[in-house]
Amino acid sequence: MLRKSQAAVAAALLLGPALPLYAADNGVYIGGSIGRANVEQIDELSGFNLDDDDTGWKAILGIRPLDFLGFELNYVDFGNVENT
């Protein structure tokens with residue numbers, strides 16, 4: 001059985017080639033994404049149980065001064081995991 005993350009990757013691989021791709025013009029660009037992050041760790045010997053999820057996000061800032069040269073900064077926040 002596929003997990004949600006595996007199903008999302010499979011869908012992206014199947015649908016990705018069908019979508020048109022366009023090259024960006026030279027200049028500055030910004031972008032971002034948001035999604036759910038999930039952590040699950042269970043150790044039956046010690047009784048440790050960590051199961052939490054949170055919202056994760058990413059911000060992107062880039063510049064492409066020449067057709068063959070570009071620079072990009074990324075900030076990724078995977079969310080916070082709390083053991084209760």
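**A chat about cavity, patch and strands**

Author: Let's start inside this predicted model: the largest cavity has a volume of about 30 Å³.

Reader: Hi! How many cavities of 30 Å³ or more does the count come to?

Author: Just one cavity of 30 Å³ or more turns up by the rule used here.

Reader: And which residues line the largest cavity?

Author: Its lining is made by Ala 37, Asn 38 and Val 39, then Asp 52, Asp 53 and Asp 54, and finally Phe 78, Gly 79, Asn 80 and Val 81. Strands E1 and E2 each supply at least two residues of that lining.

Reader: Nice. Let me step back to the whole chain: what does its secondary structure come to?

Author: There is one helix, along with three strands. Going along the sequence, you meet them in the pattern α-β-β-β.

Reader: Where do the three strands run?

Author: E1 covers 27–43, E2 covers 48–66 and E3 covers 69–77.

Reader: What share of the residues counts as buried?

Author: 6% of the chain's 84 residues count as buried. The accessible surface comes to about 7,500 Å², and carbon and sulfur atoms hold 60% of that surface.

Reader: On to the surface, then. Which residues make the nonpolar patch?

Author: Happy to list them: Val 28, Ile 30, Leu 61, Ile 63, Leu 66, Phe 68, Leu 69, Phe 71 and Leu 73 form a nonpolar surface patch of about 960 Å².

Reader: Which strands supply at least two residues of it each?

Author: E1, E2 and E3 each do that.

Reader: Let me pick Ile 63 from that patch. Why does Ile 63 count as partly exposed?

Author: Because its relative accessibility is 38%, and partly exposed is the range between buried, under 20%, and exposed, over 50%. As for its place in the fold, Ile 63 sits in strand E2.

Reader: What about Ile 60, which strand is that in?

Author: Ile 60 is found in E2.

Reader: And what does Ile 60 touch, leaving out residues up to four places away in sequence?

Author: Ile 60 touches Tyr 29, Ile 30 and Gly 31, and also Glu 72, Leu 73 and Asn 74. Ile 30 and Leu 73 are both members of the nonpolar patch.

Reader: How far apart are Ile 60 and Glu 72?

Author: In space, 7.1 Å from C-alpha to C-alpha; in sequence, 12 residues.

Reader: Last one: what part of the chain's contacts with a separation of 6 or more comes from residues 24 or more positions apart?

Author: Those residues account for 44% of such contacts.

Methods. Residues numbered from 1 in each chain as written. Predicted model: local features only at pLDDT ≥ 70, side-chain atom pairs only at ≥ 80, totals over all residues. Heavy atoms only, no water. Patch = residues over 30% accessible without salt bridge, like charges linked within 9 Å, V, L, I, M, F, W, Y side chains within 5 Å. Areas by Shrake-Rupley, 256 points an atom, 1.4 Å probe, with all protein chains shown as cover. Salt bridge = Lys/Arg side-chain N within 4 Å of Asp/Glu carboxyl O. Helix = DSSP H or I, 4+ residues; strand = E, 2+ residues; numbered from the N terminus. Buried < 20%, exposed > 50% of the residue type's maximum accessible area, 1.4 Å probe, protein only. Contact = heavy atoms within 4.5 Å. 1 Å grid on protein atoms, 1.4 Å probe; cavity = no way out; pocket = protein on both sides within 12 Å on 5 of 7 lines; lining within 4 Å. Points joined across faces, edges and corners; volume = space filled by probe spheres on them.
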